[in-house]
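I set out to record what can be looked up in this structure, entry by entry. The topics are the pocket, a helix packing, a salt bridge and two backbone features.

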Amino acid sequence: MQSHWLRAAIVATAIKGAVIGALWLSACAAGPAQAQPARNYASKDYPTRPVRLVVPYAAGGGTDALARFLSHGLERRLGQPFIIENRPGQGTAVAAAYVARAAPDGYTLLVATSSTLAFNPSIYKNLSYDPPADFSPISLVAAVPFVLVVNPSLPARSVAELVALAKSKPGELSYASGGTGAAHHVYMELLKSMTGIDIKHVPYRGGGPALGDVLAGHVPMMFGDVGQVTALVREGRLRALGVTVGRRLETLPDVPTMVEAGLTGYEANSWQSVVAPAKLPPPMVTALNGALTDFLAEPATKEHFLSLGMQPLSSTPEEFAAYLRAEIAKWGAVIKAAGVSED
């Protein structure tokens, strides 16, 4: 049973790794050519009034910061204000359901995360939206790497040592997460399933409190958002064992990928994207995708994303749709095996 879903997860990972790697390279490679005034992607028909950019988290977090940055780039290229509207709740599902029910007129968009579109369909039994059916994909915009970190008091300096330690003490070690179904939780469940280790889940109400208890030594480990843990790793307050993405990070160049650390097939990208209600007219999709792609190619955009702990991506709507299908299949298998679900 486990080997079946794990093989499926690794196949999906390989597909995803090739796609996201190509998208990351295309976003970065075009950068130097973009040092010029922003191109105008507006037409006489769209947009003619302000556009709402709905964020599924409260103001002040990483996704909110990303959305506000994107809004400035879109305004410069489409000639209308892009107004941020925060609608947090139910693991991003409140905002997603709201946008799914909105008119497909191009004036209500959603900054959607991997939790919104890839995790939630398997976590929530009564989810009020269907990601592939209820949204028009515009573009991927960022990958958000996570880092496996441990409190320095834990006698493990590599993934292999951590696995060996956990196997010597089955059920005695624990890990923190930002809550059931959060990326911190799902990524550790993938690690558990690939290695056969038995460690207990300690959920918190957000990644911040979880990280605080790892720092304090109350819980020995977690997968942390790179933007939150980088400075702590550099200061020696946390020990980083591996990054979840397919290549080493510029901000933590000495930390191996999980694959380099010995886990063949382990790659887990959290990501951010922009979607619209289903059946958005193709000219609007083209305008929005063009404006985003142009903005994401700027060197200044890459620099700002790195400051947020993110890596810029871009894609065509078709590439994004294919990537989303692979992500839903992959994480659905992981979440099912982990027994993670909510009503």
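How many nonpolar, polar and charged residues does the lining of the largest pocket have? I worked from a predicted model, and I sorted the lining by class: 14 residues are nonpolar, 23 are polar and two are charged.

**Entry 1: the largest pocket.** I looked up the volume of the largest pocket and found about 1,100 Å³ of space. Its lining comprises 39 residues. I noted those that lie nearest the centre: Tyr-57, Ala-182, His-184, Gly-206 and Gly-207.

I then asked which elements supply the lining. At least two residues each come from the helices α2 (62-78), α4 (114-123), α7 (183-195), α8 (207-216) and α9 (226-234), and from the strand β10 (270-277). The greatest contribution is that of α4, which gives four residues.

**Entry 2: α7 against α12.** Having met α7 in the pocket lining, I looked up its packing with helix α12, residues 317-338. The two axes lie 10 Å apart, at an angle of about 80°. An angle from 65 to 115 degrees counts as roughly perpendicular, and α7 and α12 are therefore roughly perpendicular to each other.

I listed the residues in contact. From α7 these are Val-186, Tyr-187, Glu-189 and Leu-190; from α12 they are Lys-330, Trp-331, Val-334, Ile-335 and Ala-338. By class, this contact has seven nonpolar residues, two charged residues and no polar ones.

**Entry 3: salt bridges.** I searched the whole structure and recorded 12 salt bridges. I followed up one that involves Glu-189, a residue of the contact with α12. The side chain of Glu-189 meets that of Lys-192 in a salt bridge, at 3.4 Å from N to O. Both residues belong to helix α7, where they are three residues apart, about one turn of the helix.

**Entry 4: backbone features.** Most residues other than glycine have a negative phi, and most peptide bonds are trans. I looked for departures from both.

Where does the cis peptide bond at Pro-47 lie? The bond runs from Tyr-46 to Pro-47, and its omega is near -15°. Pro-47 is in the loop between α1 (2-29) and β1 (51-55).

For phi, I noted Lys-279, which is not a glycine yet has a positive value of about 70°. Lys-279 sits in the loop that runs between β10 and α10 (282-296). I add that β10 is among the elements that supply the lining of the largest pocket.

Note on methods:
Residues are numbered from 1 along each chain as its sequence is written. Side-chain values use heavy atoms; hydrogens and water are left out. On a 1 Å grid over the protein atoms alone, a cavity is a set of points where a 1.4 Å probe fits but cannot get out, and a pocket is an open set with protein on both sides within 12 Å along at least five of seven lines; lining residues have an atom within 4 Å of a point. Grid points are joined across faces, edges and corners, and a volume is the space filled by probe spheres set on the points. Ala, Val, Leu, Ile, Met, Phe, Trp, Tyr, Cys and Pro count as nonpolar, Asp, Glu, Lys and Arg as charged, and the others, Gly among them, as polar. Axes are lines fitted to C-alpha atoms, for helices over the stretch in contact, and angles run from 0 to 180 degrees between N-to-C directions. Angles under 35 degrees count as roughly parallel, over 145 as roughly antiparallel, 65 to 115 as roughly perpendicular and the rest as oblique. Contact means heavy atoms within 4.5 Å. A salt bridge is a side-chain nitrogen of Lys or Arg within 4 Å of a carboxyl oxygen of Asp or Glu.
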